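Work through the exercises below with the model open. Each one sets a task and then solves it step by step.

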Amino acid sequence: MSMILFACVVRVRDGLPLSASTDFYHSQDFLECRRRLKTLALRLAQYPGRGSAEGLDFNIHFSSSRDVACMAICSRQCPAAMAFCFLETLWWEFTASYDTTCIGLASRPYAFLEFDSVIQKVKWHFNYVSSTQMESSLEKIQEELKFQPPVVLTLEDTDVANGVMNGHPQMHLEPAPNFRMEPVTALGILSLILNIMCAALNLIRGIHLAEHSLQVAHEEIGNILAFLIPFVACIFQCYLYLFYSPARTMKVVLMLLFICLGNMYLHGLRNLWQILFHIGVAFLSSYQILTRQLQEKQSDCGV
């Protein structure tokens, strides 16, 4: 028996259905689940990127990123990892076929109905191909679900109207897309090592200066801060390189400015070559952060 019974692609901001698989199931319970899926689609912007609505016989799973969400009705026996792997594959296939302008301008339901053939192909693959052939992909999704569990609803929650759930105001959550960065490069690893080295040097010098300045003069406080602020900036540069962050360019420029000003202030406690080394590492790290982009299509979930 098939575990993935129905799938559709919707626009997140208004729940407009863009495409859907052909429906071969007409039981009352399934039709009721379809109705609840349509209700849930209208409220996807209120939830994080992944979620599940659980019922007695069927579960609804959804996965959204940017303004496109994929939703599926699955049997209770369908593992969550398989459902989300299927939805991620479907999302990559759809966004690779249609650009954001076309998606944003769609004004009628099922404007991309021809995508139905791709949905059927991916659905068949996940229903009938042995799970051992998708083992690595499923393990990857399982790890992601372990660290970022999907929000769990009940099918009754999907019927709640006007933003009120069980008599209480509904919490509105920001969408949480799953961003993937390009692989780390050898030069990027070098910049991380040098940055950690500079951070350690700044921390050691700052603590050492503080320990020997118990009767602290005002100029010594400035020197201590000039070591500790670049230390924090170096650590934050490492974070910006490893993980995606909004307003990344502004944060990179700010961290670079802190490091440059701190080292210029320390002229006298550091010689010219030491200052140039710290500033050079900061510029190298900034360049590596800005050139490491979000990863393009990476669909390795079985198709």
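**Exercise 1.** Find how the side chains of E32 and R36 meet, and place both residues in the fold.

*Solution.* The side chains of E32 and R36 form a salt bridge, at 3.3 Å from N to O. A salt bridge here is a side-chain nitrogen of Lys or Arg within 4 Å of a carboxyl oxygen of Asp or Glu. Next, place the pair. Both residues lie in helix 1 (residues 28-41), 4 residues apart, about one turn of the helix. Helices (H or I, at least four residues) and strands (E, at least two) are DSSP runs, numbered from the N terminus. Then check accessibility. E32 is partly exposed at 27% relative accessibility, and R36 is buried at 13%. The cut-offs on relative accessible area are under 20% for buried, over 50% for exposed, and partly exposed in between (1.4 Å probe, protein chains only).

A note on the model: it is predicted, so local features need pLDDT of at least 70 and side-chain atom pairs count only at pLDDT 80 or more, while totals for chains, interfaces and linings use all residues. Residues are numbered from 1 along each chain as its sequence is written, and side-chain values use heavy atoms, with hydrogens and water left out.

**Exercise 2.** Characterise the salt bridge between R50 and E88.

*Solution.* The closest N and O atoms of R50 and E88 are 3.1 Å apart. This pair links distant parts of the chain: R50 sits in strand 3 (residues 50-54) and E88 in helix 2 (residues 80-97), 38 residues apart. R50 is buried at 6% relative accessibility. E88 is buried, also at 6%. Now look for a network. Salt bridges with shared partners join E32, R35 and R36 into one network.

**Exercise 3.** How many salt bridges does the whole structure hold, and which parts does the pair D67 and R13 tie together?

*Solution.* The search finds 7. In one of them, D67 pairs with R13, with the closest N and O atoms 2.9 Å apart. D67 lies in the loop between strand 4 (58-65) and strand 5 (68-75), and R13 in the loop between strand 1 (4-11) and strand 2 (17-20), so the pair ties together parts 54 residues apart in sequence. D67 is partly exposed, at 23%.

**Exercise 4.** Which element gives the most to the largest nonpolar core?

*Solution.* A nonpolar core is a set of buried Ala, Val, Leu, Ile, Met, Phe, Trp, Tyr and Cys residues joined through side-chain atoms within 4.5 Å. The largest has 33 residues; V9, L18, F86, L90, F94, F115 and F126 touch the most other members. Helix 2 gives the most, with 11 residues.
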